[in-house]
Amino acid sequence: MAATSPRPLAPRKRPRQARATATLDAIFEATIQVLLRDGPQRLTTTRVAERAGVSVGTMYQYFAHKQALIYTLNERYLEALAERIEACCAAQHGTRANRMVEALVECYWQAKTERPEVTRALYRSVAELDNVALVANFAARVDRATTAMLASASDHAPADLDSVNRTLVTVIFGTVRNAFERNLPEADTEGLRRHLVTMCKALLDQTAGQSA
């Protein structure tokens, strides 16, 4: 992502060839597996190297310590999530505002529920890391994408677009995260998703055409 990683957490190098990229993919997947099996406190670069089938020396070519590994894993995750949201928003340009909200909720919910155990593990893994710049960059990309989408609505766009967009994104993302943290059963989660869409549509209906 565009944000600059804090120096102690930055990877030592980035892959430049396909083989190096494949090695790094294996390391990241192994990190997820170790996080799921052992938790962030027991994760070590040695355990990840063993799981990935690479040498400890190869690990240290990229990551000085496990904090840098976890940080870069979360950077990679947020990069993919931002790209997914941007693509979703771009695909909805020119549609009705209510349809945009449905699509955004569906997109974010699916992204978080495809591998829910991974989402929970990543939330826990960054608890003690300085990821402020990483999250801020992700939020900025999402705000740009969602604001541009709402501004293109075929029926109406909120008059106070920035404020309404900020509220929508905060409510959607916060609700999904809370659902994960509470580990709600599937039936309750589905009900929550439906109510979330209803609430967001009500906000759009209430703010349509209002003066800023």
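Here are some questions and answers about a predicted model, covering its domains and one pair of helices.

Reader: Which residue ranges does the domain assignment give for this chain?
Author: Happy to start there! The assignment gives two ranges, one for each domain. Domain 1 is 18–63 and domain 2 is 77–207.

Reader: How much area is buried between domain 1 and domain 2?
Author: The C-alpha centres of the two domains lie 30 Å apart. Their contact takes six residues from domain 1 and seven residues from domain 2. Carbon and sulfur atoms give 70% of the buried area, and that area is about 520 Å².

Reader: Which three residues of domain 1 supply more of the area it buries against domain 2 than any other three?
Author: Good thing to look for in the structure! Together, these three supply 65% of the area that domain 1 buries against domain 2. They are Ile32, Leu35 and Leu36.

Reader: Why do H7 and H8 count as oblique to each other?
Author: H7 covers residues 132–151 and H8 covers residues 161–182, with their axes 10 Å apart. Angles of 65 to 115 degrees count as roughly perpendicular and those over 145 as roughly antiparallel. The helices pack at about 120°, so H7 and H8 are oblique.

Reader: How many nonpolar, polar and charged residues are in the contact of H7 with H8?
Author: H7 passes H8 in a right-handed crossing. Among the residues making the contact are Phe138, Val142 and Asp143 of H7, and Leu161, Asn165 and Phe173 of H8. Sorted by class, the contact has two charged, three polar and eight nonpolar residues.

Conventions
Residues are numbered from 1 along each chain as its sequence is written. This is a predicted model: local features need pLDDT of at least 70, side-chain atom pairs count only at pLDDT 80 or more; totals for chains, interfaces and linings use all residues. Side-chain values use heavy atoms; hydrogens and water are left out. Axes are lines fitted to C-alpha atoms, for helices over the stretch in contact, and angles run from 0 to 180 degrees between N-to-C directions. Helices (H or I, at least four residues) and strands (E, at least two) are DSSP runs, numbered from the N terminus. Angles under 35 degrees count as roughly parallel, over 145 as roughly antiparallel, 65 to 115 as roughly perpendicular and the rest as oblique. A crossing is left-handed if the near helix is turned anticlockwise from the far one by less than a right angle, and right-handed if clockwise. Contact means heavy atoms within 4.5 Å. Ala, Val, Leu, Ile, Met, Phe, Trp, Tyr, Cys and Pro count as nonpolar, Asp, Glu, Lys and Arg as charged, and the others, Gly among them, as polar. Domain bounds come from an automatic or database domain assignment. Buried area is the accessible area (1.4 Å probe) that two parts lose on being put together, summed over both.
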